[in-house]
Amino acid sequence: QVRLMESGGGLVQAGGSLRLSCAASGSDFSINAMGWYRQAPGKQRDLVARITSGGTTNYADSVKGRFTISRENTKNTAYLQLNSLKPEDTAVYYCNADVYTRIYGGYRAYWGQGTQVTVSS
């Protein structure tokens with residue numbers, strides 16, 4: 001079984017910064033792409049940023065130039081640096097990973113439990 005554990009959320013004023021971390025743990029697994037999604041109250045869960053194992057990234061238009069996704073493959077960890085935060089960035093942020101497990105014999109999507117980011121105006 002693979003677990004994704006997020007950390008780093010919190011309350012910040014508009015214009016401030018936060019850094020989210022997502023660490024994968026388990027046995028006999030490897031990770032392809034990792035990503036961050038967010039879900040605000042009453043809205044659907046949307047992609048924020050994604051990074052492949054080779055380091056290729058893509059971002060939602062609303063966060064380009066403000067957020068940066070990165071990863072440390074040796075630590076099975078992804079990060080999301082959030083700068084110039086706006087009240088509309090308030091949401092629960094979820095980590096996602098495409099994980100290959102030997103026991104499953106293929107790739108499956110795993111999700112973390114989510115971390116709250118609240119930006120006050």
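Strands, like helices, are DSSP runs numbered from the N terminus (E, at least two residues, for strands; H or I, at least four residues, for helices). The exercises below apply this to a predicted model, in which local features need pLDDT of at least 70, side-chain atom pairs count only at pLDDT 80 or more, and totals for chains, interfaces and linings use all residues. Residues are numbered from 1 along each chain as its sequence is written, and side-chain values use heavy atoms, with hydrogens and water left out.

**Exercise 1. Loop residues**

Task: Locate S84, N76 and T90, and describe the backbone or the accessibility of each.

Solution. Step 1: S84 lies in the loop between β8 and β9. Its phi is near 50 degrees, a positive value in a residue other than glycine. With a relative accessible area of 44%, S84 is partly exposed; on this scale buried means under 20%, exposed over 50%, and partly exposed in between (1.4 Å probe, protein chains only).

Step 2: N76 is placed in the loop between β7 (67-72) and β8 (77-82). N76 is not a glycine, yet has a positive phi of about 50 degrees. Its relative accessible area of 24% makes N76 partly exposed.

Step 3: T90 belongs to the loop between β8 and β9 and, at 22% relative accessibility, counts as partly exposed. From C-alpha to C-alpha, T90 and S120 are 8.4 Å apart in space, with their positions 30 residues apart in sequence.

**Exercise 2. The disulfide**

Task: Identify the cysteines that form the disulfide, and state the geometry and placement of the link.

Solution. Step 1: A disulfide is a covalent bond between the sulfur atoms of two cysteines. The criterion applied is a pair of cysteine sulfur atoms within 2.5 Å.

Step 2: The structure holds one disulfide. It joins C22 to C95, with an S to S distance of 2.0 Å.

Step 3: The pair links distant parts of the chain, 73 residues apart: C22 is in strand β3 (residues 18-25) and C95 in strand β9 (residues 91-101).

Step 4: The angle about the S-S bond is -80 degrees, and the link of C22 and C95 is left-handed. Both cysteines, C22 and C95, are buried.

**Exercise 3. Aromatic rings**

Task: Classify the pair of Y37 and W111, and find which arginines lie over the face of a tyrosine.

Solution. Step 1: A pair of aromatic rings is described by the distance of the centres and the angle of the planes. Rings of Phe, Tyr and Trp (its six-membered ring) pair if their centres lie within 6.5 Å; planes under 30 degrees apart count as stacked, over 60 as edge-to-face and the rest as tilted.

Step 2: The count comes to two aromatic pairs. One of them is Y37 with W111, at 5.0 Å centre to centre and 65 degrees between the planes, hence edge-to-face.

Step 3: Y37 lies in strand β4 (residues 29-39) and W111 in strand β10 (residues 106-111), so the pair ties together parts that are 74 residues apart in sequence. Y37 counts as buried, at 19% relative accessibility, whereas W111 is partly exposed, at 37%.

Step 4: A charge sits over a ring if NZ of Lys or CZ of Arg is within 6 Å of the ring centre and within 35 degrees of the ring normal. R19 lies over the face of Y79, at 4.0 Å from the ring centre. R108 lies over the face of Y104, at 5.1 Å from the ring centre.

**Exercise 4. The largest pocket**

Task: Give the volume of the largest pocket and describe its lining.

Solution. Step 1: On a 1 Å grid over the protein atoms alone, a pocket is an open set of points where a 1.4 Å probe fits, with protein on both sides within 12 Å along at least five of seven lines; lining residues have an atom within 4 Å of a point. Grid points are joined across faces, edges and corners, and the volume is the space filled by probe spheres set on the points.

Step 2: The largest pocket has a volume of about 170 Å³. It is lined by 14 residues, of which R38, A40, K43, D46 and E88 are the closest to its centre.

Step 3: β4 and β5 (46-51) each supply at least two lining residues, and β5 gives the most, with three.

Step 4: By class, the lining has six nonpolar, four polar and four charged residues. Here Ala, Val, Leu, Ile, Met, Phe, Trp, Tyr, Cys and Pro count as nonpolar, Asp, Glu, Lys and Arg as charged, and the others, Gly among them, as polar.
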